[in-house]
Amino acid sequence: MDLFEKLKTNRGPLGSHSHYAHGYFTFPKLEGEIAPRMKFRGKDVLTWSLNNYLGLANHPEVRKADAEAAAEWGMAYPMGARIMSGNSNHHEKLEAELAEFVQKPDALLLNFGYQGVVSIIDALVDRHDVIVYDAESHACIIDGLRLHQGKRFVYAHNDMVSLEKQLERATRWAENTGGAILVITEGVFGMSGNLGSLDEVVKLKEKFQFRLFVDDAHGFGTMGKTGAGTGEHLNCQDGIDVYFSTFAKSMASIGAFVAADEQVVEYLRYNMRSQIFAKSLPMPLVIGALKRLELLRTKPELKDQLWTVVNALQSGLREKGFNIGTTTSPVTPVFLNGQIPDATQLTLDLRENYNIFCSIVVYPVVPKDVIMLRLIPTAAHTLDDVKETIDAFEKIAQKLDKGLYSKSPVTA
């Protein structure tokens with residue numbers, strides 16, 4: 001059949017809903033300054049969907065640094081891939097400061113987070129090696145695994161008994177191929193909000209020979225005494241062999257980095273295809289990232305304020321009887337019982353009548369008959385924002401329990 005005809009008849013699991021979801025549930029447009037309160041379809045809404053953990057997106061020092069760097073350098077400099085003509089002292093300075101911040105010997109700057117993880121996995125392992133990974137790993141990890149030509153084993157989420165069993169299988173396989181073992185997990189899992197059991201994984205190094213790669217996108221800047229991440233929080237940063245994070249969360253920007261021993265970073269620098277064959281990160285983003293990292297180091301009150309909001313939101317939801325799962329991070333899921341039509345009407349009600357904008361997650365990301373509302377608290381939110389949101393959630397939960405969302409459509 002014709003390729004395009006096939007695409008018309010099978011639009012994919014998300015695309016099949018685009019006829020009614022586009023512009024509202026998918027690809028919504030939040031307008032105005034990045035802040036807890038923005039505009040959605042002309043209305044002011046209290047938004048909990050931005051990964052602006054430390055409130056840096058509109059911090060005056062950040063805005064000033066971004067503007068001055070754009071005026072001085074433009075968006076083109078440096079031209080070319082870094083390996084050819086796109087390197088600069090500022091890129092190398094940022095790498096050195098990132099490495100120091102996350103307590104690793106060296107770091108490599110990356111253009112994007114998703115692309116970076118995929119390419120790191122591709123570069124680190126060959127067809128003789130074995131990958132063992134957490135079942136709830138992010139899509140970027142899964143896509144990296146798809147490039148792996150060797151064996152891979154999955155262990156049940158945060159289940160050390162399952163991991164040990166898979167490591168036994170991986171060890172036998174690697175002994176036959178002459179390969180090595182790479183374990184991959186996350187610092188903070190972005191949907192559930194629970195932490196990867198990094199300290200327990202590291203302990204297994206006493207029994208098995210493997211290297212550990214951690215995607216800490218949601219932990220960098222939010223977890224640990226200094227904000228160095230989940231490994232610091234769990235006192236096992238030294239046991240993480242390859243540490244990754246993106247700038248898209250706490251740094252409120254574009255870019256990413258990977259940190260490890262010098263020889264590992266040097267290997268990645270010369271073997272990561274996504275960096276070798278891509279233009280260097282533009283200078284304003286590099287200068288802006290240096291300013292953001294400076295604020296992470298020098299303004300611990302930003303993280304303190306974030307956790308004030310996190311603790312108020314999560315304790316308040318629990319006190320009202322809401323199920324927020326096992327989160328021990330800023331990521332705050334709220335689990336409700338209902339089907340997809342209930343979820344649709346509930347979201348409409350929240351946005352149109354209570355002016356609350358948050359992400360909604362349904363099957364197949366969560367089990368059938370489960371609705372997950374995902375809240376991302378930030379340092380820019382206030383305790384009044386928390387109270388307003390919990391009050392609204394109480395009302396929509398009562399409507400859901402009474403079956404009102406299933407009986408009739410909600411109108412604004």
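# Spaces, strands and buried residues in a predicted model

The residues that line the largest cavity are Ile34, Ala35, Pro36, Thr47, Trp48, Ser49, Leu50, Asn52, Ile376, Thr378, Ala380 and His381. The structure shown above is a predicted model, and the points below describe what was computed from its atoms, starting with its enclosed and open spaces and then turning to two covered strands, the cysteines and two single residues.

**The largest cavity**

- When the whole structure is searched, one cavity of 30 Å³ or more is found, and the volume of the largest cavity comes to about 60 Å³.
- Sorted by the character of the residues, the lining of the largest cavity is made up of seven nonpolar and five polar residues, with no charged residue among them.

**The second largest pocket**

- The second largest pocket holds about 570 Å³ of space, and among the 24 residues that line this pocket, Ala180, Ile181, Leu182, Phe210 and Arg211 are the closest to its centre.
- At least two lining residues of the second largest pocket come from each of three elements, namely helix 8 (160-177), strand 7 (181-186) and helix 11 (262-271).
- Helix 8 gives the largest share of the lining of the second largest pocket, and that share amounts to three residues.
- The lining of the second largest pocket contains 13 nonpolar residues, four polar residues and seven charged residues.

**Strand 9 and its neighbours**

- Strand 9, which spans residues 242-246, is mostly covered, since five of its five residues are buried.
- In a regular strand, the side chains alternate between the two faces of the sheet.
- In strand 9, both faces are covered, with Val242, Phe244 and Thr246 buried on one side and Tyr243 and Ser245 buried on the other.
- Strand 9 runs parallel to strand 8 (residues 211-215), and the two are joined by three bridges; across this pairing, Asp215 stands opposite Phe244 of strand 9.
- Strand 9 also pairs with strand 10 (residues 256-260), here in the antiparallel sense and over four bridges, and in strand 10 the residue that serves as bridge partner of Phe244 is Val258.
- Phe244 can therefore be followed from one pairing to the next in the structure: this buried residue stands opposite Asp215 and has Val258 as its bridge partner in strand 10.

**Strand 14 and its neighbours**

- Strand 14 (residues 370-375) is largely enclosed by the rest of the structure, because six of its six residues are buried.
- On one side of strand 14 the buried residues are Val370, Met372 and Arg374, and on the other side they are Ile371, Leu373 and Leu375, so that both faces of this strand are covered.
- Strand 11 (residues 332-337) pairs with strand 14 in the antiparallel sense over six bridges, and within that pairing Leu336 has Ile371 of strand 14 as its bridge partner.
- Strand 13 (residues 359-361) also runs antiparallel to strand 14, to which it is joined by three bridges, and Ser359 stands opposite Arg374 of strand 14.

**The cysteines**

- A disulfide is a covalent bond between the sulfur atoms of two cysteines.
- The structure holds zero disulfides.
- For Cys140, the closest cysteine sulfur is that of Cys236, and because the two sulfurs are 19 Å apart, the distance is too far for a bond.
- Looked at from Cys236, the closest cysteine sulfur is in Cys140, and the 19 Å that separates them is again too far for a bond.
- Cys140 is buried, with a relative accessible area of 3%, and Cys236 is likewise buried, with a relative accessible area of 7%.

**Two single residues**

- Ser88 is found in the loop between helix 4 (60-73) and helix 5 (89-101), and this residue counts as buried because its relative accessible area is 10%, which falls under the 20% cut-off.
- The side chain of Ser88 is joined to the side chain of His91 by a polar contact of 2.6 Å.
- Ala343 has its place in helix 15 (residues 340-353), and this residue counts as buried because its relative accessibility is 2%.
- Ala343 and Gly190 are 153 residues apart along the chain, and their C-alpha atoms are separated by 20 Å.

Terms used. Residues are numbered from 1 along each chain as its sequence is written. This is a predicted model: local features need pLDDT of at least 70, side-chain atom pairs count only at pLDDT 80 or more; totals for chains, interfaces and linings use all residues. Side-chain values use heavy atoms; hydrogens and water are left out. On a 1 Å grid over the protein atoms alone, a cavity is a set of points where a 1.4 Å probe fits but cannot get out, and a pocket is an open set with protein on both sides within 12 Å along at least five of seven lines; lining residues have an atom within 4 Å of a point. Grid points are joined across faces, edges and corners, and a volume is the space filled by probe spheres set on the points. Ala, Val, Leu, Ile, Met, Phe, Trp, Tyr, Cys and Pro count as nonpolar, Asp, Glu, Lys and Arg as charged, and the others, Gly among them, as polar. Buried means under 20% relative accessible area, exposed over 50%, partly exposed in between (1.4 Å probe, protein chains only). A polar contact is a pair of N or O atoms within 3.5 Å; within protein, one must be able to donate a hydrogen and the other to accept it, and residues adjacent in sequence count only if both atoms are side-chain atoms. Two strands pair if DSSP finds at least two bridges between them. A disulfide is a pair of cysteine sulfur atoms within 2.5 Å.
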